[in-house]
Amino acid sequence: MAGVTNVAFRTLCREQERQRMGSVAGLYVCEMVTARALVERNPKTLHMTTFAPDEDPRSLQLYTTDPEYTYRAAKMIVEENLADHIDMNFGCPVPKVTRRGGGAALPYKRRLFGNIVAAAVKATEGTDIPVTVKFRVGIDDDHHTHLDAGRIAADEGAAAVALHARTASQRYSGEANWDEIARLVEHIDGRVPVLGNGDIFKSTDARAMMDSTGCDGVVVGRGCLGRPWLFAQLSAELRGLPVPAEPTLGDVARIILRHAELLCDHEGETKGCRDMRKHMTWYMRGFPAGGDLRRTLATITSLDELRHALEDIWDSPATADDADGARGRQGSPAKVLLPEGWLDDPEDDAVPEGADIMHSGG
């Protein structure tokens, strides 16, 4: 969720949950940052780790390929009190990441994967900062790694594991195979909590996943794009409480403005409005909004321009069609780009060259 789950969006999601449920139960994770860039104090990376004053717990997600930088980054988080939780993401299927051995490609290298998790856990010893690990089913249908990854993460001291029930070759296409979550739950056998991820687009999806797989909780990604109120609905569903209704178009107009204000506070008005544009299609999905309004929202340059654009729908009672359907990236399955010889030796623990140069894992 790079470029989405910054401090502005997390604040908005928490506000929506608090307004609808009276409290915040969800764990909101910052966008992924590279361990090496954090250690080297890259200004962009440090800005990405901004947390709101009232954000508790502060959850920081690391992209990493190197045990040394993993240890140094986790140690820095501990010593400088940068976060209360470290989430390690090995789920990214983007070609620019996997072709260097990072993201969803890395768990295939079992020893390297274990060394990385162990480094983060060692750096947090003696603290109450948990380390959690997220990964995919594997590289493709011929190279599943999730059972080994779950076992290794538990062996090395991870507090919980999360499985996106797709392979890297699937990317975000088709349907997530929740049966693989159930297999991981059975394989882990209660040693650590198992969280499920993939195709959680409405509150009943979360209940269905937990009931059918036995997982301990859910991780939401694309399902919250343009739907920051989803977490309040999930909280209600999983606590057996009445699920808050979907917002009207007028409600969404107010949420859009609040999101833009928070982004501008974080990025400055020019960049904040530019970043806000990509959210507009997600927010307006299914609503009876004309093409002129959609084009205006997709090209805003200032908060005043946004306020003016929203005037016509400010009090609209219209509701959305297909409000809780799939959203975000989908695309088509594709061959996973890997470093030459990557599949030759799954026990090779050499650090892949150049895999940690990005500021964000994608």
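Which residues does UniProt list for "domain: DUS-like FMN-binding"? The unreviewed UniProt entry gives residues 1-312. Keep in mind that this is a predicted model.

**View 1. The stretch from residue 1 to residue 312, listed by UniProt as "domain: DUS-like FMN-binding" in an unreviewed entry.** Over residues 1-312, helix makes up 47% of the chain and strand makes up 13%. Pick out the C-alpha atoms at the two ends of this stretch, and you'll find them 31 Å apart.

**View 2. Helix α4, residues 67-79, from end to end.** Here's a quick check you can do yourself: α4 has 13 residues, and at 1.5 Å a residue it should span 18 Å. The end C-alpha atoms are 18 Å apart, so the helix agrees with that expectation. Now look at the start of α4, where a side-chain oxygen of Asp 66 comes to within 2.8 Å of the backbone nitrogen of Glu 68. Just after the helix, Asn 81 has a positive phi of about 50°.

**View 3. The buried residues of α4 and what they pack against.** Pro 67, Tyr 69, Thr 70, Ala 73, Ala 74, Met 76 and Ile 77 are the buried ones in this helix. Their packing partners include three helices, α2 (35-39), α3 (43-48) and α6 (110-123). The strands β2 (59-63) and β3 (85-90) are packed against them too.

**View 4. Strand β3, with six of its six residues buried.** Which residues point one way from β3, and which point the other way? His 85, Asp 87 and Asn 89 go one way, while Ile 86, Met 88 and Phe 90 go the other. That pattern may look familiar, because side chains in a regular strand alternate between the two faces of the sheet. Next door is β2, which runs parallel to β3 and is joined to it by four bridges. In this pairing, Leu 62 sits opposite Met 88 of β3.

**View 5. The salt bridge between Arg 10 and Glu 55.** The closest N and O atoms of this pair are 2.5 Å apart. Arg 10 belongs to helix α1 (residues 7-21) and Glu 55 to the loop between α3 and β2, so the pair ties together parts that are 45 residues apart in sequence. Buried or exposed? Both Arg 10 and Glu 55 are buried.

**View 6. The salt bridge between Arg 227 and Glu 246.** Here the closest N and O atoms are 2.5 Å apart. Arg 227 is in the loop between β8 (217-219) and α10 (230-238), and Glu 246 is in the loop between α10 and α11 (249-267), 19 residues apart. Why does Arg 227 count as buried? Its relative accessibility is 2%, and the cut-off for buried is under 20%. Glu 246, at 32%, is partly exposed.

**View 7. The salt bridge between Arg 307 and Glu 261.** In this pair, the closest N and O atoms are 3.7 Å apart. Arg 307 sits in helix α14 (residues 303-310) and Glu 261 in helix α11, so the contact ties together parts 46 residues apart in sequence. Both residues are partly exposed, Arg 307 with a relative accessible area of 34% and Glu 261 with 25%.

**View 8. A network of salt bridges.** Arg 110, Asp 148, Arg 151, Asp 155 and Arg 191 are linked together in this one. The total count for the model comes to 25 salt bridges.

Technical notes:
Residues numbered from 1 in each chain as written. Predicted model: local features only at pLDDT ≥ 70, side-chain atom pairs only at ≥ 80, totals over all residues. Heavy atoms only, no water. UniProt positions renumbered as here; feature names shortened; annotations may be inferred. Expected span 1.5 Å × (residues − 1). Buried < 20%, exposed > 50% of the residue type's maximum accessible area, 1.4 Å probe, protein only. Contact = heavy atoms within 4.5 Å. Polar contact = N/O pair within 3.5 Å; in protein donor to acceptor, adjacent residues only side chain to side chain. Salt bridge = Lys/Arg side-chain N within 4 Å of Asp/Glu carboxyl O. Pairing = 2+ DSSP bridges.
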